[in-house]
Each structure stands twice: as C-alpha cells, then as structure tokens.
Amino acid sequence: MAMAECSNRTISGTSLRATNGATIDASSATSYIGLLGGTHDVTADGANSLIDLSGITSFAGSLQNVSPVFTTIEARNGGTVDLASVELVSSRTIINAGANSSILLSRPGKSTLDGGTLNLSPTATLDVGLLELIGDSQVSGGGTIPGTLISNATVTVGNSPGTLF
C-alpha cells in the first residue's frame with residue numbers, strides 16, 4: 001500500500017488519485033482551489049483507498065463559472081474521500097459517491113454546498129452531519145445520507161430509494 005503526504009496549506013489546480021488501497025494524506029491542507037481553465041478530480045478508487053482531506057475547510061472546484069470547467073470529488077469501488085472539516089463546497093464541484101463507497105462531510109456544525117452537484121449510487125454513503133444545499137446545488141441518486149440535510153435546492157430520489165436519516 002502506497003501513502004503520499006501533503007504539507008501545503010492550499011491545494012490548487014491539481015488532481016489527486018488514490019487507487020488499489022493507497023492513501024493520500026493531505027490532512028494538513030486547509031483549502032482546495034480548482035483555479036481557472038481546468039478540470040480536476042479527487043478520486044479514491046478501490047477497497048480501502050483513501051484521500052484524507054480532513055483539514056480542508058473550503059473547497060472551491062473552479063474559479064471560472066463556465067462549462068465544462070469543474071472539479072469532481074469521487075469515491076468508488078469501496079474508496080473513501082474524507083472532507084470531515086469542510087465548511088463550504090462551492091464553485092462548480094461535482095461529488096460522486098459510487099458503489100460501497102463513502103464521502104465524509106461530517107464536521108461538527110454545518111457544511112454548505114453552494115452550486116455543486118451530489119450523485120449517490122444505491123449503495124453509497126454520504127455522511128454529512130449537517131449539510132445545507134443552497135444556490136443551484138443538486139442531489140440525486142439513491143444512496144444513504146446519515147445526518148441532517150437542509151435543502152434550498154433540488155433533491156431527486158433515484159430509481160432505487162435512498163435513505164435520509
């Protein structure tokens with residue numbers, strides 16, 4: 001199992017990918033900025049793959065509000081992306097929680113998704129604690145969302161019923 005560490009406080013304009021049980025420990029970073037003119041991804045793919053962004057409090061997927069510029073946060077095939085301290089996810093961010101995978105947004109206090117998209121597969125978990133959806137944010141799919149969801153946005157339950165606790 002490989003492990004990479006990050007000591008910068010801001011991650012900007014880059015993609016992060018952990019596969020096949022690898023861990024990327026970027027828990028010392030406090031912000032992520034997708035910057036201009038690029039599409040980036042933060043992906044944990046495979047059982048026990050982990051991207052630890054637990055120190056991030058602000059995640060901005062892009063500073064440019066045009067398609068197709070965005071950042072995708074994705075956990076799939078048993079991977080986990082830990083954003084347990086995030087207060088604000090904004091600016092063209094897509095969050096995909098795939099089969100048997102987890103996205104952790106479970107900080108004490110409220111996290112806010114402003115202008116992002118959450119997609120959950122039927123066996124995914126989006127652990128939110130308290131998540132407020134504002135702006136043109138959207139949630140769709142059929143996974144499990146343990147926590148409190150406050151929606152001033154669009155929530156669409158998928159073909160396979162999800163669970164809101």
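Two strands pair if DSSP finds at least two bridges between them. I kept that at the top of the page while going through this predicted model.

**Entry 1: E11 and E14**

I started with strand E11 (residues 88-90) and strand E14 (residues 110-114), which run parallel and share three bridges. I then looked up which residue of E14 faces Val89, and found Leu113 opposite.

**Entry 2: the seven-strand sheet**

Next I asked myself what order the strands of the open sheet follow. I read E2-E5-E8-E11-E14-E17-E20, seven strands with parallel pairing. At the edges I found strand E2 (10-12) and strand E20 (147-151); each has a single partner strand, so one side of each has no neighbour in the sheet. From one strand to the next, I noted a twist that averages 10 degrees.

**Entry 3: the aromatic pair**

I wanted to know how many aromatic pairs the whole structure holds, and the search gave one. Tyr32 and Phe59 form that pair, stacked, with 4.3 Å centre to centre and 5 degrees between the planes. I put Tyr32 in strand E5 (residues 31-33) and Phe59 in strand E8 (residues 58-60), so to speak two distant parts of the chain, 27 residues apart. Buried or exposed, I wondered of Tyr32 and Phe59? Both are buried.

**Entry 4: Thr71**

Thr71 caught my eye next; I found this residue in strand E9 (residues 71-76). Its relative accessibility is 0%, which is why I wrote it down as buried; the cut-off for that word is under 20%. I also checked where the Thr71 side chain reaches, and got the backbone oxygen of Gly61 at 2.6 Å. Setting aside neighbours within four places in sequence, I listed the contacts of Thr71: Tyr32, Gly34, His40, Asp41, Phe59, Gly61, Arg92, Thr93 and Ile94. Tyr32 and Phe59, the two stacked rings, are among those contacts.

**Entry 5: E15 and its partners**

Last, I turned to strand E15 (residues 117-120) and asked which side chains point to which face. Leu118 and Leu120 point to one face and are buried, while Thr117 and Asn119 point to the other and are not buried. I jotted a reminder beside this: in a regular strand the side chains alternate between the two faces of the sheet.

For pairing, I found that strand E12 (residues 93-97) joins E15 in the parallel sense over four bridges, and Ala97 has Leu120 as its bridge partner in E15. E15 also pairs with strand E18 (residues 138-141), in the parallel sense over four bridges. There I have Thr117 standing opposite Gln138 of E18.

Technical notes: Residues are numbered from 1 along each chain as its sequence is written. This is a predicted model: local features need pLDDT of at least 70, side-chain atom pairs count only at pLDDT 80 or more; totals for chains, interfaces and linings use all residues. Side-chain values use heavy atoms; hydrogens and water are left out. Buried means under 20% relative accessible area, exposed over 50%, partly exposed in between (1.4 Å probe, protein chains only). A polar contact is a pair of N or O atoms within 3.5 Å; within protein, one must be able to donate a hydrogen and the other to accept it, and residues adjacent in sequence count only if both atoms are side-chain atoms. Contact means heavy atoms within 4.5 Å. Rings of Phe, Tyr and Trp (its six-membered ring) pair if their centres lie within 6.5 Å; planes under 30 degrees apart count as stacked, over 60 as edge-to-face and the rest as tilted. Axes are lines fitted to C-alpha atoms, for helices over the stretch in contact, and angles run from 0 to 180 degrees between N-to-C directions.
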